[in-house]
Amino acid sequence: MTIKPPATRLFSTAQEASVAVATEIANLIKSSSEPVVLGLATGGTPLKLYAELIRLHRVEGLSFKNVITFNLDEYLGIPPQHPLSYWTFMHQHLFDHIDVPASQIHIPNGSLAESDQEQGCAAFEDAITEVGGIDLQVLGIGLNGHIGFNEPGSPPDTRTRVIELSESTAQRAASDFGGMENVPKQAITMGVATILDAKSIAMLAFGESKTAIIRRALNESITAEVPATYLQQHDDTTYYLDEAAATGVPF
Ligand code: PGA
């Protein structure tokens with residue numbers, strides 16, 4: 001396999017970058033007679049992408065009936081219907097507004113009892129394998145370089161598993177949850193190897209808060225300390241950046 005370094009595409013605004021990713025997804029769906037398997041992310045970054053996908057569905061008739069989705073991660077210890085679960089996020093911001101069948105949506109189950117978690121994680125991996133793998137994985141990047149909830153220190157051979165949230169990730173979630181003490185301590189996340197198995201990856205990063213970590217992700221040697229550097233080993237990754245996030249990135 002030929003490894004080529006991540007491509008970078010620079011846009012004036014997050015909106016333009018998001019429309020470009022939505023167009024990629026729409027083209028994939030329209031050109032495929034087979035089901036298209038999308039890996040999806042939560043967080044502030046993909047909101048404009050999801051709004052554009054909803055627009056494409058409503059205004060341009062793009063159908064998601066032939067799409068299968070897998071979300072990267074979910075908080076552990078809260079039920080799907082919890083207002084801050086990623087299940088709720090995805091339904092509010094995308095799934096409730098398009099025609100993807102519920103049976104084709106996969107989100108790690110954050111309400112599994114401890115005794116069922118290992119098997120639940122293995123079943124999530126199996127479900128990805130059964131449909132032939134992820135065609136396009138959408139990613140955001142944490143300020144600490146995490147992808148999914150693969151926090152710094154995550155080895156490259158990891159699969160879907162339970163992980164402890166890092167202090168900085170929990171702090172970012174604290175205001176939503178009404179204080180650090182209410183933030184789940186753990187999550188279920190696709191592993192680094194699961195993500196790297198995706199046929200193509202679209203990494204989105206917007207705004208100046210992401211400038212420093214994007215520079216590290218693209219320029220530093222591969223290190224577990226910045227899990228996004230693992231994407232340098234992937235042969236079809238594209239970074240979609242707005243101008244603020246791309247400051248100082250050599251093109
Ligand atoms: P954000 O989160 O999109 O809210 O910036 C990204 C992440 O932490 O992976």
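How far is an oxygen atom of the ligand from an N or O atom in the side chain of R172? In this predicted model, the distance between these two atoms is 3.4 Å. The ligand sits in the largest pocket, and the structure also holds one cavity of 30 Å³ or more. The points below treat the ligand, the pocket and the cavity in turn.

**Surroundings of the ligand**

- The residues that surround the ligand are G43, G44, T45, G140, I141, G142, H146, R172 and K210.
- By class, this shell consists of one nonpolar, six polar and two charged residues.

**Polar contacts and burial of the ligand**

- The side chain of T45 places an N or O atom 2.5 Å from an oxygen atom of the ligand.
- For H146, a polar side-chain atom and an oxygen atom of the ligand are 2.7 Å apart.
- R172 contributes a side-chain N or O atom at 3.4 Å from an oxygen atom of the ligand.
- The ligand taken alone exposes 280 Å², of which the protein buries 79%.

**The largest pocket**

- The largest pocket, in which the ligand sits, contains about 790 Å³ of space.
- Its lining is made up of 33 residues, and those closest to the centre of the pocket are T42, G43, G44, Y86 and R172.
- Three of these central residues, G43, G44 and R172, also belong to the residues that surround the ligand.
- Strand 4 (73-75), helix 3 (86-93) and helix 5 (167-177) are the elements that each give two or more residues to the lining of the pocket.
- Helix 5 supplies the largest share of this lining, with six residues.
- The lining of the largest pocket has 14 nonpolar, 15 polar and four charged residues.

**The cavity**

- One cavity of 30 Å³ or more is present in the structure, and the largest cavity holds about 30 Å³ of space.
- L38, L40, F64, V67, T69, L94, F95, I98 and V100 line the largest cavity.
- The elements that give two or more residues to the lining of this cavity are strand 2 (36-40) and strand 3 (67-71).
- In terms of class, the lining of the largest cavity has eight nonpolar residues, one polar residue and no charged residues.
- The lining of the largest pocket, by contrast, includes four charged residues.

Methods. Residues numbered from 1 in each chain as written. Predicted model: local features only at pLDDT ≥ 70, side-chain atom pairs only at ≥ 80, totals over all residues. Heavy atoms only, no water. Near = heavy atom within 4 Å. Polar contact = N/O pair within 3.5 Å; in protein donor to acceptor, adjacent residues only side chain to side chain. Areas by Shrake-Rupley, 256 points an atom, 1.4 Å probe, with all protein chains shown as cover. 1 Å grid on protein atoms, 1.4 Å probe; cavity = no way out; pocket = protein on both sides within 12 Å on 5 of 7 lines; lining within 4 Å. Sits in = over half its atoms within 2 Å of the grid points. Nonpolar A, V, L, I, M, F, W, Y, C, P; charged D, E, K, R; others polar. Points joined across faces, edges and corners; volume = space filled by probe spheres on them. Helix = DSSP H or I, 4+ residues; strand = E, 2+ residues; numbered from the N terminus.
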